[in-house]
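Hi everyone, thanks for coming. I'd like to walk you through a few spots in a structure that may be new to you, so let's put it up on the screen.

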Amino acid sequence: MSNANTVSSTWDRPFAPPERIPGEADVVIIGGGIVGVSTAWFLAKQGVRVVLCEKGHIAGEQSGRNWGWVRIQGRDTREIPMMQEALRIWDGFKEETGEDVGFVRRGCTFAARTDREMQAFEEWVQVASEYGIDSRLIGPDELGKHARDASIDWAGAVFTPSDGRAEPHKAAPAFARAAEQTGASILTSCAVRGIETSGGSVSAIVTEHGSVKTSVVLCAAGAWTSLFCRSLGVAVPQLKVRGTVARTAPGADVLDGNLFDESLGIRRREDGGYTVAHGAILQHPITPATFRWSLKYIPALLQEIKVLRLSFGKEFFEELNMPRRWSLDDVTPFEKTRVLNPEPSQKVLKGIRRNIDAMFPQLADTPIVESWAGMVETSPDVVPMIDAIGSIPGFHIATGFSGHGFGLGPGAGKAIAGMLTGVETGIDLRPLRLSRFFDGSPIKPQATI
Ligand SMILES: Cc1cc2nc3c(=O)[nH]c(=O)nc-3n(C[C@H](O)[C@H](O)[C@H](O)COP(=O)(O)OP(=O)(O)OC[C@H]3O[C@@H](n4cnc5c(N)ncnc54)[C@H](O)[C@@H]3O)c2cc1C
């Protein structure tokens, strides 16, 4: 097993600052995760002059560190139309761009150990049928065909054959290249420090390498959105949980798709190995934001109470000492942490190893060859916030994708591009407006992180 202190070569690579930056753009996007790059691609396809600024690497944070599940199963109904569109985009991406991101539809299975869990799955199957989604309940015999020779005595599962998976280290970089080839400027090692306004509206963004004049900005800055927006006087609720992930060497053929059980989240990789995480541990390092936003997060906290592990340590003091405002002429927190690279938990990694061996004895000799962690940023009802910010005309946010934004990313990109240019996409973004957390609307998570 790799040591927690080992930084894999995937994250530890040289930065490539831009040689020059365009002086002007129709739209500037802050953040080169799957949401930012997909939006850039759809804007470029509309002929919009778009510049994307990423402080580190494309997909250096959540979008390159996730499990790679592209699923509609179990989603909040507010995300379903966007996810249906996302699946269509994943399907057609290779043919349209020539880029292979490893997307295949091999199904998604949530397995149940008890009849009570099966009842909860029944509710989703009802919802799915209303949207024409092919989810169905399966018994232990059929489950045995998806999770081959597993040694758990499952009661059954919910299975969605049309769900898929893709390779996170390939996907966002491929969307970024597609955007670039369609005319977008993709700038890496280019932190955005802030924005300038004229008469209250956006007039430019200021990066560490100079300014870009623009009247439209999208902040798709993942775990950094709340900090960035706070410096502009815009409140965006955001808390983070750390997810530890492991990759095995190629191993026995026990699974084609994605499988979740209370002990393990596991999917087959295109290299024949498995991407694996613990099924029942979400680690939340307590920070000042935990207290600031606690009331809004009570429903989500109660929902995740069984799997949530709170810790108190350096993250609290790092956030406490983080400036809230800064001069646009000085180095900002975004340049100081080019890539948010939390350490994987050794304790969780041990649990993952134990749980693999217990579930799939045929993988007991298959080594874990890489491990990493990612900070999942969540909204209070664990669905995204995609909105125009009324107090600063021209400024928009797309954030809070809450542990399931990788699969959704391309659909979100299309919808956000439509929001920015007024092109109709048929995807209703009103349920995802930021103001739902401030206008007295009930905060009700429908799905898990
Ligand atoms: C461990 C883990 C497992 C997950 N598993 C899944 C899964 O299986 N399926 C799924 O659908 N989702 C999954 N997710 C969630 C998914 O990865 C995220 O929802 C999605 O990647 C969010 O994309 P994003 O573009 O919004 O953010 P990010 O990928 O975090 O990108 C934001 C980018 O903005 C940049 N940035 C921030 N501030 C600035 C600035 N001031 N200037 C310039 N750049 C800036 C950052 O460097 C970063 O690269 C998982 C997440 C994690 C961490």
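Let's begin with strand 9 and strand 10, the latter covering residues 201-207: the two pair in the antiparallel sense, over 6 bridges. If you want one pair to look for, take V192, whose bridge partner in strand 10 is T207. Please keep in mind that this is a predicted model.

Now zoom out a little. Strands 9, 10 and 11 make up an open sheet of 3 strands, in the order 9-10-11, with antiparallel pairing. Which are the edge strands? They are strand 9 (192-198) and strand 11 (210-213), and each of them pairs on one side only. From one strand to the next, the twist averages 30 degrees.

Next, please scroll along to strand 17, residues 282-285. Here L282 and H284 point one way, while Q283 and P285 point the other way, and all of them are buried. Strand 17 has a partner too: with strand 18 (residues 308-311) it pairs in the parallel sense, over 4 bridges. To find that pairing on screen, start at Q283, because R309 is its bridge partner in strand 18.

My last stop is T109, which you'll find in strand 4, residues 108-112. Is T109 buried or exposed? Its relative accessible area is 4%, and buried means under 20%, so T109 is buried. And what is around it? Setting aside neighbours within four places in sequence, T109 is in contact with Q73, L143, H146, A157, V158, F159, N258, L259 and F260.

That's my tour, thanks for listening!

Note on methods: Residues numbered from 1 in each chain as written. Predicted model: local features only at pLDDT ≥ 70, side-chain atom pairs only at ≥ 80, totals over all residues. Heavy atoms only, no water. Buried < 20%, exposed > 50% of the residue type's maximum accessible area, 1.4 Å probe, protein only. Contact = heavy atoms within 4.5 Å. Pairing = 2+ DSSP bridges. Axes fitted to C-alpha atoms, helices over the stretch in contact; angles between N-to-C directions.
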